[in-house]
Every structure is written in C-alpha cells, then in structure tokens.
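Student: I'm new to this structure and would like a close look at one part of it. Could you walk me through how the helices in the middle of the chain pack, and then show me how that part fits with what surrounds it?

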Amino acid sequence: MNVIECEGLSKKYGRHEALRNISFTLSENKIVGVIGRNGAGKTTLLKIIAGFYKETSGRIHVFGEKPFNSLLASVNCIYIDDYMSLPTALNLSEILQTCESFYPNWDRGLAEALFDYFQFQPKQRHNTLSKGKRNTFYTIIGLASRCPLTIFDEPTTGMDAAVRKDFYRALLKDYLAHPRTILLSSHHLEEIEDLLEEVLLIKNGETFLHTSMDDLKEYAIGLSGKKEAIETCISAESVLYEKELGLDSVYKVVKNSLGVREACLKNQVVISPVSAQDVAVYLTANTKGGIDDVFRDR
Ligand SMILES: Nc1ncnc2c1ncn2[C@@H]1O[C@H](COP(=O)(O)OP(=O)(O)OP(=O)(O)O)[C@@H](O)[C@H]1O
C-alpha cells in the first residue's frame, strides 16, 4: 500500500516558490531519509505531508486522503521537530499522559522507559529544558506514539553524540518490532544511512532523486590521476565534483558506470568509492567545485 502519493506538488510563500513540481510515491513500512541543503524545502514538504500546510498546486494523498485538515491524517501521523508547541502549563509527565489519550497506538511502557533512561524529571517543564534535552523529549513522544506515519524533521538538533546514537538505536529497535513508515530529515546522512531503506533528495525545491540507500551508495565513484587521462575516460556532464590535487593531477567524482570503470583501468586512473553522504552533498551542490570555486583565480 502507498502511504504517500505526491504528483506535481508546488508550494509558494507569497511569490517565493519553495517547492516545485514534486512527484514521488512512498510505500508503507520503510524508513526514508529526506535529504537536502539548507532551504531546499524539506520542512515545507514534511509539513504538507503532515497536513500542517496546504499545497499551492498539485496533488498529495496521505493514506488515500488530502492531508490538509484531514482527521485521518492527524490521527495516523505525528510530526516532530524542534519547535513543538506544547502547552507550558503541563509538566513533562502530564504531556505524556495527554499524548496517550490522543494517539491510539501509544506505548506507555516505552515512553516511561525512555523517560527514565534519559533522566527526565516528571515535574519539569519542556520550555525550561536545554535544546538537546527538549529535542530528546520530543523524540520520546515521536517513538511512543507509534503512528503509522512518523515524521522526524531534524530531530537530533542540539543532542550530543551519545544521545543521537541512542535515539537512532531506539528508532531502529522500535521500528523492527513495530514496522511503520518513518520519514527522517537530517543534514547528517552518514549518521542515519544504516537506518534508511530509501532516500528522497530535495534540491532547490524539487525532487532531485528518489532511490534506495543501496543505489545511492553505488551512485558515484571518485577518480584520481592525470587530468588528460581522466578526461579521456569521462564526459564533462557526468562530473559531480572536482578538485585539483597538483599541477596536472585532479580528483573528480563522476556517475558510476561500467564503461567509465573500464576506461579508467586502461588509462591508469585510480578509482575510489564515494560515501553516500558525499554523493548527497555533490548532487545537491550548485557548483562542481564547492567552496573551492570561491577561491579560484584569487
Ligand atoms: N513561512 C515562510 N514564509 C516564507 N518563506 C518561507 C517560509 N517557510 C520557509 N520559507 C522558505 O522556503 C524555502 C524552503 O524552506 P524550508 O524550511 O522548507 O527548507 P529546509 O530544507 O527545511 O531548510 P533547513 O535545512 O535549513 O531547515 C526557503 O527558501 C525558506 O526561506
């Protein structure tokens, strides 16, 4: 079953087009990474999916319904980010009790176990917590709700490395025991790549790539060697990233293909793997040289 179907989706804020002609389909029970640079449109897309924002044009169906103002979407979906507007009159324990009455699949045992593990105090108020602790508390709500569609929008902002690791581990364990569709946006693909089955890459408000994590890991290869030798093996359009290594040697990242690999073997060009994180960075960059382009010819 498809949980999300999106076709030609666009969103404008006034004159600014934040999303343009987005199309993709997500089937149920997968963990999908929503990856893109700052301002790419991830939050806008996730909030439309959660029913918080209305699309400007195009079609979006979540569980077969338009999500905006849909009761079906709001009961079956939870959206967690670092700006959750929870009532300040309630303490942490009361917030969890309130969540229990709203989310039909709420697991009180899991919420309490995570609450104790991360050393929260029942009488604390969420608005007095540090940024990292506040986001840890929100992720407890996201996990314990067990919503069929769970959206975490950059959930680990402010968390220290140990807590981030614990959160990802908890997410994976709970997902394996209770499969559901989880969308996870992050700038740190390297931290979450082992969790993800699919990746949705957003670039400048458009779906640039929707692929399996395995395919993204194989998407590109790095080539090092003499400029001329490399140029005989590739076409200029296939270059995703390049940097100079010396006077006449370069490193180029190109789309992986059997033809390029064979040509490189013949021309003494060294081939190396490129991490999925780097592939995502190169695919979503606006220049092929990255920050080096700013310093070129200076
Ligand atoms: N309420 C708004 N009013 C006007 N423009 C907005 C609004 N919200 C977002 N935008 C603009 O829409 C674009 C996409 O923003 P969005 O927050 O969806 O990106 P993002 O990929 O989540 O970014 P980040 O990784 O920095 O959180 C940006 O150019 C942003 O400035």
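**A close look at helix 5 and its surroundings**

Tutor: Let's start with the whole protein: of its 298 residues, 33% count as buried. Keep in mind that this is a predicted model. The protein has twelve helices and 13 strands, and its C-alpha trace spans about 65 × 40 × 40 Å along the principal axes. If you take the contacts between residues at least 6 apart in sequence, 67% of them join residues at least 24 apart.

Now zoom in on helix 5, which covers residues 131-144. We'll look at helix 4 beside it, and then at helix 6.

Helix 4 is made of residues 108-117, and its axis comes within 9 Å of the axis of helix 5. The two axes cross at roughly 160°. An angle over 145 degrees counts as roughly antiparallel, so helix 4 is roughly antiparallel to helix 5. As for handedness, the crossing of helix 4 with helix 5 is right-handed. Which residues meet there? From helix 4 come Leu110, Ala111, Leu114 and Phe115, and from helix 5 come Ile140, Leu143 and Ala144. Sort the residues of this contact by type and you get seven nonpolar, no polar and no charged.

Next comes helix 6, residues 161-177. Its axis and that of helix 5 come within 11 Å and cross at roughly 0°. Angles under 35 degrees count as roughly parallel, and helix 5 and helix 6 are therefore roughly parallel to each other. Helix 5 brings Gly132, Thr136, Thr139 and Leu143 to this contact, while helix 6 brings Val163, Phe167, Ala170, Leu171 and Asp174. Here the split is five nonpolar, three polar and one charged. Keep an eye on Leu143: this residue of helix 5 is listed in the contact with helix 4 and again in the contact with helix 6.

A good next stop is Thr150, which sits in strand 6 (residues 149-153). Is Thr150 buried or exposed? A residue needs 20 or more other C-beta atoms within 10 Å to count as buried, and Thr150 has 23, so it is buried. Leaving aside neighbours within four places in sequence, Thr150 is in contact with Ile78, Gly142, Ser145, Arg180 and Ile182. Gly142 is a handy link back to our helix, since helix 5 runs over residues 131-144. Ile78 is worth a look too: Thr150 and Ile78 are 72 residues apart in sequence, yet their C-alpha atoms are 5.1 Å apart in space.

Asp82 gives another link. You'll find Asp82 in the loop between strand 5 (77-80) and helix 3 (92-102). Not counting residues up to four places away in sequence, Asp82 touches Asn135, Glu154 and Thr157. Asp82 has 15 other C-beta atoms within 10 Å, so it is partly exposed. From Asp82 to Phe24 there are 58 residues in sequence and 26 Å in space, C-alpha to C-alpha.

For a contrast, try Thr25 in strand 2 (residues 16-27). With 12 other C-beta atoms within 10 Å, Thr25 is exposed, because 12 or fewer counts as exposed. Thr25 touches Asn2, Ile4 and Glu5, not counting residues up to four places away in sequence. Thr25 and Ala236 lie 211 residues apart in sequence and 32 Å apart in space, C-alpha to C-alpha.

Helix 1 (residues 42-49) gives you a mostly covered element, with seven of its eight residues buried. Those buried residues are Lys42, Thr43, Thr44, Leu45, Leu46, Ile48 and Ile49. After helix 1 comes Gly51, which has a positive phi, near 90°.

Finally, let's step back to the domains. The protein is divided into domain 1 (2-216) and domain 2 (220-295). Their C-alpha centres lie 35 Å apart. Where they touch, 13 residues come from domain 1 and seven residues from domain 2. On the domain 1 side, the elements giving two or more residues are helix 7 (189-192), strand 8 (198-203), strand 9 (206-212) and helix 8 (213-217). That side divides into eight nonpolar, one polar and four charged residues.

Technical notes:
Residues are numbered from 1 along each chain as its sequence is written. This is a predicted model: local features need pLDDT of at least 70, side-chain atom pairs count only at pLDDT 80 or more; totals for chains, interfaces and linings use all residues. Axes are lines fitted to C-alpha atoms, for helices over the stretch in contact, and angles run from 0 to 180 degrees between N-to-C directions. Helices (H or I, at least four residues) and strands (E, at least two) are DSSP runs, numbered from the N terminus. Angles under 35 degrees count as roughly parallel, over 145 as roughly antiparallel, 65 to 115 as roughly perpendicular and the rest as oblique. A crossing is left-handed if the near helix is turned anticlockwise from the far one by less than a right angle, and right-handed if clockwise. Two residues are in contact if their C-beta atoms, placed from the backbone, lie within 7 Å. Ala, Val, Leu, Ile, Met, Phe, Trp, Tyr, Cys and Pro count as nonpolar, Asp, Glu, Lys and Arg as charged, and the others, Gly among them, as polar. Domain bounds come from an automatic or database domain assignment.
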